[in-house]
Protein chains: 2
Amino acid sequence: MDISEIGKFALLDGLNAGFEARQQTTIKTFDNASVIAASNKPKQVCSAVFLEGIHFNLVYTPLKHLGHKIVTHAVSKIAAMNAIPQQILVSAGVSSRFNVSDIESLYEGINAACAEYGVDLVENNLTASLTGMTVGITAVGEAAEENLCCMTGAGTNDLVCISGNVGAAYMGLQVLERERRIFESNGTQPKLDGYNYVLQKQLHPQARIDMLKTFADNGIKPSSMTDITDGLASDILHLCRKSNAGVRIYLEKIPIASETFAVCEEMNFDAVTAALNGGDDFELLFTVPIYEHEKIKSLSGFEIIGYITDNSQGAYLVTPEGNEIKIKAQGWTSVTG
Amino acid sequence: MDISEIGKFALLDGLNAGFEARQQTTIKTFDNASVIAASNKPKQVCSAVFLEGIHFNLVYTPLKHLGHKIVTHAVSKIAAMNAIPQQILVSAGVSSRFNVSDIESLYEGINAACAEYGVDLVENNLTASLTGMTVGITAVGEAAEENLCCMTGAGTNDLVCISGNVGAAYMGLQVLERERRIFESNGTQPKLDGYNYVLQKQLHPQARIDMLKTFADNGIKPSSMTDITDGLASDILHLCRKSNAGVRIYLEKIPIASETFAVCEEMNFDAVTAALNGGDDFELLFTVPIYEHEKIKSLSGFEIIGYITDNSQGAYLVTPEGNEIKIKAQGWTSVTG
């Protein structure tokens, strides 16, 4: 059977089931990160590999930015559990087309991100590769048990919130891809002036560990949380599936930056599609119990975009006219007209 | 500069130096694994990526064996710190040439190894790949602080010991490579009968977590330890470098299985070269203070093969005739005749 027929998450569920029966690890596994110690301050560990040609294109991604972004990705997964990132481990596979100065650039970006996020690189491996660059990264973080947020905790009527805005990183990628195609067809140098915001979001994104302070300062404990890396639609569906819940998202509440709208208009691209399906936003998507509404409505840095429903009510976008559109992981289609 | 000019470990040292000044992580970093919590039972984390064509050849490596071996590698690194492996995290990149049943075979091996070593899979990611299979793995383990062994602790006159025997996995690989070449040149089916031992060591190696029980039962605390994955020569040099020490290894004391000798003779390959430079042995190489000699000399499962010297005395093999041969990471050359 082809993997696309079964789908990644269903395949993973099947694979994981073969392990879960025997597990001794206590708190939480197969979430954004895994919680591995039932002490007062459990450790979270998350891990990912990044492959050239799949996750990044070195034609327009400087190695320094790549290093920074890979750390951002790992740190973001720890932050999505409301935990403080502390350490990272890196394993890089590099083919002979990379020289020492290339590797140093990669690590310059890794180092800058470590300094920015206050994390330590504690292990570092290099290996040969036949086919370009592969970077494996693991991050470790810590949280008091009562602060931990998982993807499984969303309850009916909880408010769905999102930090920052979405879709900008995706439109930054569209600009880079367009300029690459033009360069490859006629040698015209890329024109990147005027796209600073979306390019910054694509090439130098930030993990939202600042939101952890917002939560702590205001006594907010999200009932569930994830970060947006696959796209808002895919990630909200993943969270709903993990929490066995449905959702209603108000289309007009989804935060999209004016710079993103401008690039969408220029490129004749639907901004809502970019916001829903574009990945790499690294924003936090979280739910808060409805009784916290008074507490959160005056806070800045995030928006309330909808609410959790019973699982039987499905996952839908609500248009300003009150129509409901089923949320799909890739693309979205109207079911009500 | 080409990476081969500077060498992997020197490049890593340079890269790591840029991080070490700022580190807050307390106990031990950049060892076989990293020790990340200064509690009574610190956690160790290690991480690696495995790339098709570099670390494994799927022509003769069944995916199930690959899954098992990758877990063995990660568990072995934790065992090399005298710590109990507890959890693993897996991230696999797979190209479209692999189907669901292939992935299930890979995970069947991962699952078998988890059961064997008593570790839990706590995170599991799949991603697309353009170029074959890549598997990133992270292992987490635990040890009481007083039991932790690092690569840095070898002291002058400590006895150098090695578990099991070395070179068999390498000769298993030579058999597989020979049969592959014959098959590719004239279609003759591989003849693998009679090579069980070396093939088992290559395709289904075991991490030596049983040695941890030997240490615990006999009250032995190695002063330093590592596992043999790059080859005895490379790994002893790495341990000496980390401990700022020299070493003398008695050539005739290096344990080589009779099955390995037989394959070497058949293939006209020098057994000592296989033992020194062949990788993937997953045996433990450790040092023990000389005052423990009485305690360890009667124990089975490992051999004393030499002793640690002052760094100024270099790293040498000693032949039965008393000649000294400088140990090199790849190959070895006589300096005394």
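Two strands are taken to pair if DSSP finds at least two bridges between them. With that in hand, the strands of this predicted model make a convenient place to start. Strand β2 (residues 43–51) of chain A runs antiparallel to β5(A), and nine bridges join the two. Within this pairing, A48(A) has I137(A) of β5(A) as its bridge partner. Strand β3 (residues 84–94) of chain A is likewise antiparallel to β5(A), again with nine bridges. Here the bridge partner of A92(A) is V135(A) in β5(A). Strand β5 itself covers residues 134–142 of chain A, and because eight of its nine residues are buried, the strand is largely enclosed by the rest of the structure.

A step back to the whole chain gives some context. Chain A contains eleven helices and 13 strands. Of its 337 residues, 49% count as buried. Among the contacts in chain A with a separation of 6 or more, 82% are between residues 24 or more positions apart.

Of the helices, α5(A) deserves a closer look. Helix α5 of chain A takes in residues 168–186, and its 19 residues should span 27 Å at 1.5 Å a residue; the end C-alpha atoms lie 27 Å apart, so the expected and computed spans agree. Just after α5(A) comes G187(A), with a positive phi near 80°.

Which residues of α5(A) are buried? They are A168(A), A169(A), Y170(A), M171(A), G172(A), L173(A), V175(A) and L176(A). The cover over these buried residues includes three other helices of chain A, namely α6 (196–203), α9 (258–266) and α10 (271–277).

The packing of α5(A) against α9(A) can be described in some detail. The axes of the two helices are 9 Å apart and meet at an angle of about 40°, and the crossing is left-handed. On the α5(A) side, the contact is made by A168(A), M171(A) and V175(A), while α9(A) contributes E259(A), T260(A), V263(A) and C264(A). Sorted by character, the residues of this contact comprise five nonpolar, one polar and one charged. A general point about helices helps in reading such a list: an α-helix has 3.6 residues a turn, so residues three or four places apart point the same way. The residues A168(A), M171(A) and V175(A) that α5(A) brings to the contact are also among its buried residues.

Methods:
Residues are numbered from 1 along each chain as its sequence is written. Chains are lettered from A and ligands numbered from 1 in the order in which they are written. This is a predicted model: local features need pLDDT of at least 70, side-chain atom pairs count only at pLDDT 80 or more; totals for chains, interfaces and linings use all residues. Helices (H or I, at least four residues) and strands (E, at least two) are DSSP runs, numbered from the N terminus. The expected span of a helix is 1.5 Å times one less than its number of residues. A residue is buried if 20 or more other C-beta atoms lie within 10 Å of its own, exposed if 12 or fewer, and partly exposed in between; C-beta atoms are placed from the backbone. Two residues are in contact if their C-beta atoms, placed from the backbone, lie within 7 Å. Axes are lines fitted to C-alpha atoms, for helices over the stretch in contact, and angles run from 0 to 180 degrees between N-to-C directions. A crossing is left-handed if the near helix is turned anticlockwise from the far one by less than a right angle, and right-handed if clockwise. Ala, Val, Leu, Ile, Met, Phe, Trp, Tyr, Cys and Pro count as nonpolar, Asp, Glu, Lys and Arg as charged, and the others, Gly among them, as polar.
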